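Work through the exercises below with the model open in your viewer. Try each task before reading its solution.

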Amino acid sequence: MSQDSAAVPDAARKLAARRRREIVAVLLFSGGPIFESSIPLSVFGIDRQDAGVPRYRLLVCAGEDAPLRTTGGLELSAPYGLEAISRAGTVVVPAWRSITQAPPPAALDALRRAHEEGARIVGLCTGAFVLAAAGLLDGRPATTHWMYAPTLAKRYPSVHVDPRELFVDDGDVLTSAGTAAGIDLCLHIVRTDHGADAANALARRLVVPPRRTASDMGHQRYLDRSLPEEIGADPLAEVVAWALEHLHEQFDVETLAARAYMSRRTFDRRFRSLTGSAPLQWLITQRVLQAQRLLETSDYSVDEVAGRCGFRSPVALRGHFRRQLGASPAAYRAAYRARRPQNGAPDPALRPERAERAERPERERAALGAGAERFSAAALAGHGLASAETGEAGKPQSDVYASRMPETAVGRGAARPVLPGQRERPVG
């Protein structure tokens, strides 16, 4: 699901007569972070009609009994309670205090009722956990802070978690990634309601970009080693730690299963139940992440980076790197260095498109020099279709280096890749 997709589901509910879309209820809880809580208050609660921004009516609602304590020891007093949500056509949950705690049942009931009556429900950052607890994300794509995405995917397996999006608009339910991505989603809502001119005028007042995308090099897609907090006390934690320390070596999932004294099938099942991700996909992601770091911090060639990250060939690295991060290794390094020049202004020679062009002849020579089987694998990998890396005599090597076909969302448009911390499941 792309960030700017605003396709309303077929079963979209009609907004109840007493609810109005321009009335925005913001649901606050004790212990919520002040930054995320302030975003919808600033976007929807200040009259900026002089700047060409249509006015919203803001209702700040307490999601539980006062006082509401927030970061820095501040105490908030909300002017409304949960009953005010019954008038809102847009309900925003800006954050939740702890992903390990269950939200108050009364607040969840109010959210379900609002959704049933056609209200647009918005979760910013960890607010997605509140929407998920209310059952509003079941069968839907959603995002949250990348650090908590594996936990969200594990705890709510019917939610299709995509941690690489700034925000996800699924029509009547919207979610955003962490912190500043909440601004992006609120601007998107204004753009949806009142058009680009209004959103751009608001962005100018807030001194922020009017529209960002997850593929912008200024907001690079993030991969992370994080796993659910629960893994720290599990026996598999030792195997995971060993894998992270030996990514430069060529090993596969069978090796990890053996270290855990389990069969491959048992290990896959145990790893998936603990992390919400298949061990093969997790291992590929960690190798790509290691490559990402080396490209940022070293002068190793792409071939050397591939070897130091446990890939059997640069072809395997390029295929997985592009699928996970949306750019070739050379283009990623060029753009990274252009954003962080070592000595003065960015070098025009480091532009991503030039690096991409410069890499192609070298990639093609490597593929041709390795024979027809290699060339075929490289061509398929470049289009996201390779099922395994081929070795001598065209035989498949370890499945650690096998790419995966993106899972297709049934009835929701384009295919999406299986992501770090996301369960492998049909999307629909």
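The exercises cover cores, one helix, salt bridges and the surface of this predicted model.

**Exercise 1. The cores**

Task: Find which residues of the largest nonpolar core touch the most other members, and which elements give two or more residues to this core.

Solution:
- Step 1. The largest nonpolar core holds 36 residues. L27, I85, V91, L111, I121 and L137 touch the most other members.
- Step 2. Map the core onto elements. Strands β1 (20-28), β2 (57-62) and β5 (88-93) each give two or more residues. So do helices α2 (105-116), α3 (127-133) and α4 (149-155).
- Step 3. Now look past this core. A second, separate core has 34 residues, including A243, L256, L283 and L317.
- Step 4. Return to V91. Skip its neighbours within four places in sequence. V91 is then in contact with A25, I85, L111, A114, R120, I121 and V122.

**Exercise 2. Helix α5**

Task: Compare the reach of α5 with its expected span, then decide whether the helix is mostly covered or mostly open.

Solution:
- Step 1. Helix α5 runs over residues 181-194, 14 residues in total. From first C-alpha to last, α5 reaches 20 Å, close to the 20 Å expected at 1.5 Å a residue.
- Step 2. Check burial, with a cut-off of under 20% relative accessible area. In α5, 11 of the 14 residues are buried, so by this cut-off the helix is mostly covered.
- Step 3. Name some of them. The buried residues include I183, L185, C186, L187, I189 and V190, but also D184, H188 and R191.
- Step 4. Find what covers them. The buried residues of α5 pack against helices α1 (34-45) and α6 (196-206). They also pack against strands β6 (120-123), β9 (167-169) and β10 (173-176).
- Step 5. Look just past the helix. G195 follows α5, with a positive phi near 95°.

**Exercise 3. Salt bridges**

Task: The structure holds 15 salt bridges. For the pairs R205–D50, R120–D193 and R140–D170, say where each partner lies and whether it is buried or exposed.

Solution:
- Step 1. R205 and D50 meet at 3.6 Å, N to O. R205 sits in helix α6, D50 in the loop between α1 and β2, 155 residues apart. R205 is partly exposed at 42% relative accessibility. D50 is exposed, at 67%.
- Step 2. R120 and D193 meet at 2.9 Å, N to O. R120 is in strand β6 and D193 in helix α5, so the pair ties together parts 73 residues apart in sequence. R120 is buried at 5% relative accessible area, whereas D193 is partly exposed at 25%.
- Step 3. R140 and D170 meet at 2.7 Å, N to O. R140 lies in the loop between α3 and β7 (141-142), D170 in the loop between β9 and β10. The pair therefore ties together parts 30 residues apart in sequence. Both partners are buried.
- Step 4. Look for shared partners. R18, R19 and E117 are joined into one network.

**Exercise 4. Helix α1 at the surface**

Task: Place S42 and F35, and say how exposed each is.

Solution:
- Step 1. S42 lies in α1. Its relative accessible area is 24%, so S42 is partly exposed.
- Step 2. Leave out residues up to four places away in sequence. S42 then touches R48 and L206.
- Step 3. S42 and C186 are 144 residues apart in sequence, yet their C-alpha atoms are 9.9 Å apart in space.
- Step 4. F35 is also in α1. F35 is partly exposed at 40% relative accessibility.
- Step 5. F35 joins I34, L74 and L76 in a nonpolar surface patch of about 320 Å².

Note on methods
Residues numbered from 1 in each chain as written. Predicted model: local features only at pLDDT ≥ 70, side-chain atom pairs only at ≥ 80, totals over all residues. Heavy atoms only, no water. Core = buried A, V, L, I, M, F, W, Y, C linked by side-chain atoms within 4.5 Å. Buried < 20%, exposed > 50% of the residue type's maximum accessible area, 1.4 Å probe, protein only. Helix = DSSP H or I, 4+ residues; strand = E, 2+ residues; numbered from the N terminus. Contact = heavy atoms within 4.5 Å. Expected span 1.5 Å × (residues − 1). Patch = residues over 30% accessible without salt bridge, like charges linked within 9 Å, V, L, I, M, F, W, Y side chains within 5 Å. Areas by Shrake-Rupley, 256 points an atom, 1.4 Å probe, with all protein chains shown as cover. Salt bridge = Lys/Arg side-chain N within 4 Å of Asp/Glu carboxyl O.
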